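Student: Got a minute to walk through this model with me? I'd like to start with how helices cross.

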Amino acid sequence: MFKPIRFQNHTSLLVEIIAGQNQILRYLSTSNQKHNCDRVMARLISHMDYFIICVTLALSIACRVCGTATPFFIFGDSTVDPGNNNYINTIPAYQANYKPYGHNGFFEEPTGRFSDGRVIVDFIAEYAELPVIPPFLQPSAEFINGVNFASGGSGILPETNQGQVIDFQTQIKHFEEVQKSLTKKLGEARANELFSEAVYFISIGSNDYMGGYLGNPKMQEYYAPEEYVGLVIGNLTQAIQVLYEKGGRKFGFLSLSPLGCLPALRALSPQANEGVCFEKACALAQAHNSALKVILTSLEHILIGFKYCNSNFYDWLQDRINNPSKYGFKDGVNACCGTGPYGGIFTCGGTKKVTDYQLCDNADDFVWWDSFHPTEKIHEQLGQALWNGPPSSVGPYTLQHLFLGKEELTIADEVDDPDRQNFHY
């Protein structure tokens, strides 16, 4: 039997075709010793037909892959900020361009990522065979493969940390600038194709609930929790519709984590001494995620061509917090970098009001890097889950489907199951 021929990328195409041909030749060599001429000829015709089908499909796939890669446009907060806040006038709490950020050495210097190394969108870009997606504010950055507009501390509502971050609405305005620039460079037809094929990734909302609501007594007076969630989701829905009107069709969403279990909020919990998460924050995150799921299902039916990948980030991360050893961690509660109970006082780097901080020996042992942000290892595992994880983690599409369509399938899959079902979440 021949092994399925799997193409990781178009550069390996010729090697794989030759390997397939060699399989046939080895088979024929063996067959000539064991079978009569008629049977060998019959097998030859059968396997050569299979080989021709393989080559035809391979060339078809390669032609699609060799074209311009699917662009990647990123919007959000510190979960995905690659360093845009390096270029704005803000406070140290919303910047990460100083040590020990970037501690693992993947990047030569701290980049502004709120991590010991990479963040989730860096891994997604790698899986999609894209270069590192540059921050919008980086001078002389090339945007043909996509742009990252995210800003640490930003929220869905413009009032969240207003004046200190690049809010979501401004991020969309920056996207419009890129759209005009690429349309001028590529021509309207090619640019329209690029923006409709692109994947739009959105990771935002936690700051609206942590600082924007729980840290804002006036907002709690104006809005009951469910009303505030409706306000946030309503603004997010409008933003999605704007991006759709600008040509966006394929969207990825990082839903909210169990916010009350972040070291900073766990330390503020009324039951902090018992190690219990801050329940009010967790409840807001769950309500947000439930509302987002309903909205995305509705948009899928209302907006023609709208496809999306949504994450079950809450349960996914909660499992690692509660069962760290199951996923290669030693500690799911405490921050690697910080001070105070659970490392929950946000002092990592010593640039804030409290300058004292402790740094762990090995960040890979920890779920949490600092008081609010996970380690690179969590980002990598989450990136893998969104790329091609099970329906319990991601759906109704995976990011792999949005970026590559069916090109990740083996040729055997194409021959045997051309109508492979989509993931459902």
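Tutor: Sure, and one term before we look: a crossing is left-handed if the near helix is turned anticlockwise from the far one by less than a right angle, and right-handed if clockwise. Also keep in mind that this is a predicted model.

Student: OK, so which hand does the crossing of α11 and α12 have?

Tutor: α11 passes α12 in a right-handed crossing.

Student: And at what angle do the axes of α11 and α12 cross?

Tutor: At roughly 135°, with the axes coming within 12 Å. Here α11 covers residues 313-322 and α12 covers residues 376-388. Angles over 145 would count as roughly antiparallel and 65 to 115 as roughly perpendicular, and α11 and α12 are therefore oblique to each other.

Student: Which residues make that contact?

Tutor: From α11 you have F313, W316, L317 and R320, and from α12 there are I378, Q381, L382 and A385. By class, the contact of α11 with α12 has 6 nonpolar residues, 1 polar and 1 charged.

Student: What about α6 and α8, how do their axes cross?

Tutor: The axes of α6 (residues 206-214) and α8 (residues 225-245) come within 12 Å and cross at roughly 130°. That makes α6 oblique to α8. The crossing of α6 and α8 is right-handed.

Student: Which residues of α6 and α8 meet there?

Tutor: On the α6 side, D208, Y209, G212 and Y213; on the α8 side, P225, Y228, V229 and V232. Sorted by class, the contact of α6 with α8 has 6 nonpolar, 1 polar and 1 charged residues.

Student: Switching to cysteines. How many disulfides are there?

Tutor: The count comes to 3 disulfides, going by sulfur atoms within 2.5 Å. If you number the bonded cysteines in sequence order, the pairing is 1-2, 3-6, 4-5.

Student: Let's take C261 and C277. How far apart are their sulfur atoms?

Tutor: They are 2.1 Å apart, and the two residues form a disulfide. The torsion about the S-S bond of C261 and C277 is about 105°, so this disulfide is right-handed. C261 sits in the loop between β4 (250-253) and α9 (263-268), while C277 is in the loop between α9 and α10 (279-302), 16 residues apart.

Student: Are C261 and C277 buried or exposed?

Tutor: C261 is buried, with a relative accessible area of 1%. C277 has 11% relative accessibility and counts as buried, since the cut-off is under 20%.

Student: What's the story with C282, why no bond to C261?

Tutor: The closest cysteine sulfur to that of C282 is the one in C261, and at 4.1 Å it is too far for a bond. C282 is buried, with a relative accessible area of 3%.

Student: And C309, buried or exposed?

Tutor: C309 is buried, at a relative accessible area of 0%.

Student: Back to the bonded ones. What does C336 pair with?

Tutor: C336 forms a disulfide with C360, their sulfur atoms 2.0 Å apart. Its S-S torsion is about -80°, so the C336 and C360 disulfide is left-handed. C336 lies in the loop between β6 (331-335) and β7 (337-338) and C360 in the loop between β8 (358-359) and β9 (366-368), so the pair ties together parts that are 24 residues apart in sequence. Both C336 and C360 are buried.

Student: Which residue does the disulfide join to C337?

Tutor: That's C348, with an S to S distance of 2.0 Å. The torsion about the S-S bond of C337 and C348 is about 100°, so the disulfide is right-handed. C337 is in strand β7 and C348 in the loop between β7 and β8, so the pair ties together parts 11 residues apart in sequence. Both C337 and C348 are buried.

Student: New topic: where is Q95?

Tutor: Q95 is in the loop between β1 (72-76) and α3 (120-127). Q95 is buried, with a relative accessible area of 15%.

Student: What does Q95 touch?

Tutor: Leaving out residues up to four places away in sequence, Q95 touches N85, N86, I88, T90 and F114. The C-alpha atoms of Q95 and N85 are separated by 5.9 Å, and the two are 10 residues apart along the chain.

Student: Last one, the overall picture: how many helices and strands does the protein chain have?

Tutor: The protein chain has 14 helices and 10 strands. Buried residues make up 53% of its 425 residues. Among contacts between residues at least 6 apart in sequence, 69% join residues at least 24 apart.

Terms used: Residues numbered from 1 in each chain as written. Predicted model: local features only at pLDDT ≥ 70, side-chain atom pairs only at ≥ 80, totals over all residues. Heavy atoms only, no water. Axes fitted to C-alpha atoms, helices over the stretch in contact; angles between N-to-C directions. Helix = DSSP H or I, 4+ residues; strand = E, 2+ residues; numbered from the N terminus. Parallel < 35°, antiparallel > 145°, perpendicular 65-115°, else oblique. Contact = heavy atoms within 4.5 Å. Nonpolar A, V, L, I, M, F, W, Y, C, P; charged D, E, K, R; others polar. Buried < 20%, exposed > 50% of the residue type's maximum accessible area, 1.4 Å probe, protein only.
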